[in-house]
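Got the model open in your viewer? Let's walk through it stop by stop, picking something to select each time.

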Amino acid sequence: MDKYTVLGRIGEGAHGYVLYGKRNRDSKEVALKKVLVKKLSEGIPIPILREIKTMQALESEYVMELLDFFPKGAGFVLVTDFMPSGLWEVIHDEENPPSEALTKSYMAMLLKGVSHLHENGIMHRDLKPANLLIGSDGILRIGDFGQARPMWKEKGKPYTQQVATRWYRAPELLYGTKKYTEAIDLWAVGCIFAELINKKPLFPGETDIDQLAVVIKSLGTPNEVNWPGHSSLPDYNKISFVHSKPIHWTVLVPGANPTSLDLVKSFVMYNSRKRLQANQALNHPYFTTAPLALCETKLPKPPHNHRSDLKARDYGNKAEQDYQALHFLLDTVL
């Protein structure tokens, strides 16, 4: 850590935390991700090694660059550029909602990043707004490659199904398959796009079973026409759901125009083989329909403290809500 000065804390996750700092030799702002390791004496754990190798293999303006990595205490530190904002912040910033043109810009950058991953044989396996970061230049970049891995060259070889954050997890994963493709990332892209429009998650399940129930209630009960072979998935016979008719997409994503809805539907479908590839999606009419995406030189630059300010604002709003609820309770009692 001698090369860096820690100036603050950005956040934390299941396997470590992220610090804000500067590189001493040039004062470059950086994020230092500390990944905790149980037995450092046994060397670099496979998941961390895979994350490092994945980031080293990718070179794209729309993918986070790994600047440095080194062991530190009971873990490893991965160093990347400091990103003052992200798509989670964009979605939750009610005072500054993105324009349709800016939403289109973010989707284009996301698809370019995902296309680069897939063209290089990488599945991200945890795409969600919190892992899509926005730099001081306004560019959106894909981050957090802790669950990413290369795709098997031999088709049909299994992977772990314990991947992806629940709300963005593809239905084949929810039914326990270990034989999946990069199409799980494309499902997540569709969920993210709908969330950008709705400003709330498309499928907010509370448990893994509830997640599947929410998807089926929304898209309707799958059948052999819209999802060939689904009945042979490992967990298909372990649980049954009430037969559901699909909810109309204008109800699921009420703020979307027809071309936006068509793009969402191109990703959010049961049949993973028919989900639109990222590079193909960039040619979708959505991107040629007015308003057009912004030129990258005209992208809005997020404030340096966007993330911390938004968290403080949310905390203040929650405190005010709690205060009002307490007064209401006291009024009813007294």
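The tour below goes from confidence to domains, then cores, salt bridges and one last loop.

**Before you click.** This is a predicted model, so local features need pLDDT of at least 70, side-chain atom pairs count only at pLDDT 80 or more, and totals for chains, interfaces and linings use all residues. Residues are numbered from 1 along each chain as its sequence is written, and side-chain values use heavy atoms, with hydrogens and water left out.

**Colour by confidence.** pLDDT is the predictor's confidence in each residue, from 0 to 100. The protein chain averages 90, and 91% of the residues score at least 70. Now select 330–334: pLDDT stays under 50 there, and the model has zero contacts (heavy atoms within 4.5 Å) beyond four places in sequence for this stretch.

**Colour the two domains.** Paint domain 1 (1–82) and domain 2 (85–298) separately; these bounds come from an automatic or database domain assignment. Their C-alpha centres lie 27 Å apart. The contact takes 12 residues from domain 1 and 21 residues from domain 2. Between them the domains bury about 1400 Å², 62% of it on carbon and sulfur atoms; buried area is the accessible area (1.4 Å probe) that two parts lose on being put together, summed over both. Show R50, Y62 and M64 as sticks: in domain 1 these lose the most area to domain 2, together 43% of what that side buries.

**Go inside.** A nonpolar core here is a set of buried Ala, Val, Leu, Ile, Met, Phe, Trp, Tyr and Cys residues joined through side-chain atoms within 4.5 Å. Buried means under 20% relative accessible area, exposed over 50%, and partly exposed in between (1.4 Å probe, protein chains only). The largest core has 81 residues, and those with the most contacts inside it include L110, F203 and W249. Helix α5 (residues 183–198) gives the largest share, 11 residues; helices (H or I, at least four residues) and strands (E, at least two) are DSSP runs, numbered from the N terminus. Each of the two domains supplies at least three residues to this core. Zoom in on L110: setting aside neighbours within four places in sequence, L110 is in contact with L132, L140, I142, V189 and I192. Then look for a second, separate core of seven residues, with Y4, L19, F70 and V79 among them.

**Hunt for salt bridges.** Side chains of opposite charge can pair when their charged atoms come close. The cut-off is a side-chain nitrogen of Lys or Arg within 4 Å of a carboxyl oxygen of Asp or Glu, and the structure holds 13 such bridges.

- Select E89 and R307: their closest N and O atoms are 3.2 Å apart. E89 sits in helix α2 (residues 87–92) and R307 in helix α10 (residues 306–333), 218 residues apart. Both E89 and R307 are buried.
- Next, R169 and D208, at 3.0 Å. R169 lies in the loop between β10 (149–150) and α4 (171–174) and D208 in helix α6, so this pair ties together parts 39 residues apart in sequence. R169 counts as buried because its relative accessibility is 13%, while D208 is partly exposed at 37%.
- For a surface pair, try E12 and R9, at 3.6 Å. E12 is exposed at 64%, and R9 is exposed at 52%.

**Last stop.** Where is H243 placed? Look in the loop between α6 (208–219) and α7 (249–252). H243 counts as exposed because its relative accessibility is 63%.
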